[in-house]
Amino acid sequence: MGDIAKGALGGAWTLLVGWILPTALNLALFFLTVAPSLQGLAPLNRLRPATGGGTALLFLTGSLLLGLVANAAQNPLYRLLEGYLLWPAVAYEAGCRRSRRAKAALADRLSLLRLERRERETGELPPEDAERLARLRGQPRTERAARRDRRRTAAQRALVHERLARYPIADDQIAPTRLGNAIRRFEEYGHDRYRLDTQVLWNELTGCVPDQVRRQVEIARTSVDFFVALLYGHAVVCFLAVLTLATAHPDTSMLWSTIVVLILLVPVWYRSAVTSTDEWAAAVRAMVNIGRKPLADALGLVLPDQLAKEREMWTMVSRLSRIPYHERASALDRYRTAGEGGPT
């Protein structure tokens with residue numbers, strides 16, 4: 001019974017902290033700042049409880065229902081922030097180009113610092129590295145950033161590494177937004193390292209890893225969910241505050257203060273969501289690294305000893321999930337003939 005309760009509470013914890021709690025905070029903000037200006041509206045007066053207990057019940061019920069709705073709609077909410085949903089093609093391409101430039105700029109800054117350090121340690125660089133160092137020093141933007149980086153401590157320069165690590169390794173996987181890139185980097189990790197398509201085999205992979213590893217992924221995502229829900233809730237409250245300005249008796253100073261503060265906070269929560277993906281990415285990487293062998297065993301496959309052979313095995317497994325069933329037999333025959341492992 002204790003294990004059942006622990007599992008139930010564990011699953012509810014991610015929902016509570018990730019979606020219901022930020023929804024409750026935004027609903028409380030609405031009641032404190034926007035709702036007083038709506039007292040003259042007859043429909044809302046009929047819904048307003050007559051007692052304090054009724055108000056508390058309305059608040060709890062509203063937080064629970066709206067939190068569940070937000071949780072159910074999390075995929076489109078994430079895709080909008082990642083740049084995949086409702087983005088015009090022109091805006092999408094412009095965002096991808098901007099992300100590629102930002103990634104290249106960070107890589108150049110780190111390369112410049114690394115080459116300068118090697119130059120100090122060895123006294124002279126190989127011709128190729130010396131030419132690259134001169135080229136990087138000739139870039140005004142890179143040199144300006146490098147001057148600031150040289151004054152920073154090693155711990156502060158490590159933040160530049162963290163920012164670069166939030167981009168996908170492959171440039172063709174770049175997304176138009178920072179959150180999209182921060183999430184895409186660990187979505188492509190399995191494919192980049194092992195050719196294991198975790199997007200296709202996600203349910204199989206999560207079903208094979210130990211409970212502790214799967215739980216780490218869920219908990220790590222909860223922090224990102226919290227800031228995403230808080231961000232969207234602030235946007236909704238801000239929009240309602242703008243509409244309330246057109247009512248008969250608005251508290252103008254309170255509403256404008258709310259609008260300004262929420263507009264300033266939305267970028268903060270967005271940046272916090274991006275930063276919180278670091279733990280999520282680490283948990284997914286751990287799940288891929290640990291879960292490869294249990295996944296292969298569950299699929300009736302022998303995990304090869306060599307990485308090249310393993311990559312070919314996972315490539316074939318990922319393809320099998322996409323091709324029609326009547327073509328799978330011939331694909332498996334080709335796979336077995338290649339001698340790279342296969343169903344036992």
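Which helix does L243 lie in? L243 is in helix α12, residues 211-244; helices are DSSP runs of H or I with at least four residues, numbered from the N terminus. The model is predicted, so local features need pLDDT of at least 70 and side-chain atom pairs count only at pLDDT 80 or more, while totals for chains, interfaces and linings use all residues. Residues are numbered from 1 along each chain as its sequence is written, and side-chain values use heavy atoms, with hydrogens and water left out.

**Surface patch**
- L243 joins V236, F239 and L240 in a nonpolar surface patch with about 370 Å² of accessible area together.
- Patches are made of residues with over 30% relative accessible area and no salt bridge; nonpolar side chains (Val, Leu, Ile, Met, Phe, Trp, Tyr) are joined within 5 Å, and like charges within 9 Å.
- A salt bridge here is a side-chain nitrogen of Lys or Arg within 4 Å of a carboxyl oxygen of Asp or Glu.
- Areas come from the Shrake-Rupley method with a 1.4 Å probe, and for residues only the protein chains shown count as cover.
- L243 is partly exposed because its relative accessible area is 47%; buried means under 20%, exposed over 50%, and partly exposed in between.

**Nonpolar cores**
- A nonpolar core is a set of buried Ala, Val, Leu, Ile, Met, Phe, Trp, Tyr and Cys residues joined through side-chain atoms within 4.5 Å.
- The largest such core holds 43 residues, and V228, W280 and W314 have the most contacts inside it.
- Two or more residues each come from α4 (74-82), α9 (178-187), α10 (189-194), α12, α13 (252-298) and α14 (307-320).
- The most are given by α13, with 12 residues.
- Another core, of 10 residues, lies apart from it and includes A35, C238, A241 and I259.
- Beyond its neighbours within four places in sequence, W314 is in contact with Y194, R195, L196, R292, L295, A296, L299 and L303; contact means heavy atoms within 4.5 Å.

**Helix α13 and backbone angles**
- At G291, α13 bends by about 50°, and the proline P294 follows within four residues; the bend is the angle between axes fitted to the seven residues ending there and the seven starting there.
- G300, just after α13, has a positive phi of about 75°.
- L86, a residue other than glycine, has a positive phi near 65° and sits in the loop between α4 and α5 (89-122).
- L86 counts as exposed because its relative accessibility is 72%.
- R195 is not a glycine either, yet its phi is positive at about 65°; R195 is in the loop between α10 and α11 (202-208).
- With a relative accessible area of 27%, R195 is partly exposed.

Note on methods:
Buried means under 20% relative accessible area, exposed over 50%, partly exposed in between (1.4 Å probe, protein chains only).
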